Amino acid sequence: MNYDTRIINVEKGVCEGARLIARGEIVAFPTETVYGLGADATNETAVARIFSVKGRPGDNPLIVHICDINQVEILARDISPVAKKLIDAFFPGAFTAVLKASDVIPKSVRGGLDTVAIRMPAHNYALELIKKSGTYIAAPSANASGRPSPTNARDVFADLQGKIPLILDGGDCAVGVESTVCDLTSSPVILRPGGVTREMMERVCGEVSVAKGVLKHAEGRVRSPGMKYRHYSPKAKVYVVAVSDQTPLAKKLNLVYDEFTRSGNRPVIFATGVDASAFEGRNLYALGQTPEQVAGRMFSALRRADDDGYDIVLFEDTSLSGMGLAVMNRILRSAGFSVL
Ligand code: TXA
Ligand code: MG
């Protein structure tokens with residue numbers, strides 16, 4: 001279907017968005033993490049259109065968004081005391097609970113799995129949209145499959161123009177990286193790190209493990225199907241530059257940069273440290289000085305690198321603690337695990 005895609009301020013457009021969703025259309029909307037592409041989670045035809053609009057493989061399940069914490073018990077069963085503790089602590093928020101599914105959400109929405117991923121966004125208009133639609137909203141990030149997640153309405157438009165009727169514009173997303181997806185069907189396992197960190201979770205429930213695929217290439221059968229696909233990729237080739245010998249990281253980045261320049265490329269450095277002055281005179285995006293700032297800016301920066309005509313992105317390796325784990329999970333995927 002070909003639409004004349006409209007962008008409307010979310011405050012003005014939330015009622016219309018909810019009506020469209022209730023009618024089986026799909027609508028892009030802001031959340032505190034990234035923009036979502038939403039449809040009625042109980043309407044299989046509507047949800048099938050999300051998959052086709054995004055070009056998303058059918059075995060990659062969607063997160064179901066709720067507006068009231070009590071809805072968890074309708075969509076899921078066998079909720080353990082630890083799961084309940086984490087849900088109480090992080091709903092609403094950048095936290096997605098994977099639980100045994102009841103039969104309310106159709107299997108096609110869940111990628112054929114017997115679990116369901118549930119999230120309650122910490123965003124007033126997202127909550128209002130869900131509430132007014134009178135249903136649960138299945139929503140992946142509102143990018144074309146494989147592209148960096150959108151953190152503003154323009155980035156949604158760039159990927160989905162003509163394919164959806166409406167984008168609700170809520171400005172820049174506060175967190176800028178997606179939710180933490182956590183398997184709570186037994187002891188908690190982080191399948192995808194995100195806005196709620198492992199450390200935050202551990203303060204609530206003790207030890208939390210992290211799935212193997214988070215920082216490595218995952219193939220074949222994985223617990224979170226999304227982990228095996230190419231992700232977050234701009235047109236430019238992305239490399240993570242890490243310390244590998246005695247050379248300090250900044251010096252190594254400059255050497256790699258100069259080598260690419262000599263061979264006719266147009267590189268840009270994504271600086272993630274406190275001191276970006278070491279890269280002076282070179283093309284540079286300073287993403288911030290904390291992992292939270294870097295997480296908030298990295299997706300839009302990946303898109304901007306293409307717009308600015310760079311063909312190589314050199315990402316300064318950063319710590320894996322706190323939000324750093326989510327940052328490195330996304331960047332390693334966008335780099336196709338190329339580390340220099
Ligand atoms: O912050 C977010 O989570 C955003 C906003 C829009 O809420 N949504 C989002 O959805 O990032 P998506 O589809 O781009 O990523 C969802 C991830 C995928 O990696 C998917 O494989 C995983 O969650 N997932 C969904 N349901 C699952 C399930 N039942 N079991 C394991 N993994 C699941
Ligand atoms: Mg996504």
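**Exercise 1.** In this predicted model, determine how the axes of helix α4 and helix α7 are placed relative to each other, and classify their crossing.

*Solution.* Begin with the two stretches involved, which are residues 81–90 for helix α4 and residues 198–205 for helix α7. The axes of these helices come within 10 Å, and they cross at roughly 125°. Because angles from 65 to 115 degrees count as roughly perpendicular and those over 145 as roughly antiparallel, α4 is therefore oblique to α7. As a last step, assign the hand, which for the crossing of α4 and α7 is right-handed.

**Exercise 2.** Examine the backbone in the loops that flank α4, and state what is notable about D78 and about the peptide bond from F91 to P92.

*Solution.* Take D78 to start with, a residue in the loop between β5 (76–77) and α4. D78 has a positive phi of about 50°, although it is not a glycine. Then turn to P92, which lies in the loop between α4 and β6 (95–101). The peptide bond that leads from F91 to P92 is cis, and its omega is near -5°.

**Exercise 3.** Describe the surroundings of ligand 1, going from the residues of its shell to individual polar contacts and then to the elements that contribute.

*Solution.* Ligand 1 is surrounded by 26 residues, and the closest of them are T33, R56, N60, H65 and S179. Sorted by class, this shell holds 12 nonpolar, 9 polar and 5 charged residues. Next, consider the side chains that face oxygen atoms of ligand 1: a polar side-chain atom of H65 lies 2.6 Å from one such atom, while for R56 the corresponding distance is 2.9 Å. The side chain of S141 likewise has an N or O atom at 2.9 Å from an oxygen atom of ligand 1. As for burial, ligand 1 on its own has 690 Å² of accessible area, of which the protein covers 97%. Finally, the elements that give two or more residues to the shell are β4 (63–65), β7 (115–119) and β11 (189–192), and the largest share, 3 residues, comes from β7.

**Exercise 4.** Apply the procedure of the opening exercise to helix α9 and helix α10, and decide how their axes are oriented.

*Solution.* Helix α9 spans residues 291–307 and helix α10 spans residues 324–334; their axes come within 9 Å and cross at roughly 25°. Since angles under 35 degrees count as roughly parallel, α9 is roughly parallel to α10. To complete the description, note that α9 passes α10 in a left-handed crossing.

Conventions: Residues numbered from 1 in each chain as written. Chains lettered and ligands numbered in written order. Predicted model: local features only at pLDDT ≥ 70, side-chain atom pairs only at ≥ 80, totals over all residues. Heavy atoms only, no water. Near = heavy atom within 4 Å. Polar contact = N/O pair within 3.5 Å; in protein donor to acceptor, adjacent residues only side chain to side chain. Areas by Shrake-Rupley, 256 points an atom, 1.4 Å probe, with all protein chains shown as cover. Helix = DSSP H or I, 4+ residues; strand = E, 2+ residues; numbered from the N terminus. Nonpolar A, V, L, I, M, F, W, Y, C, P; charged D, E, K, R; others polar. Axes fitted to C-alpha atoms, helices over the stretch in contact; angles between N-to-C directions. Left-handed = near helix turned anticlockwise from the far one by under 90°.
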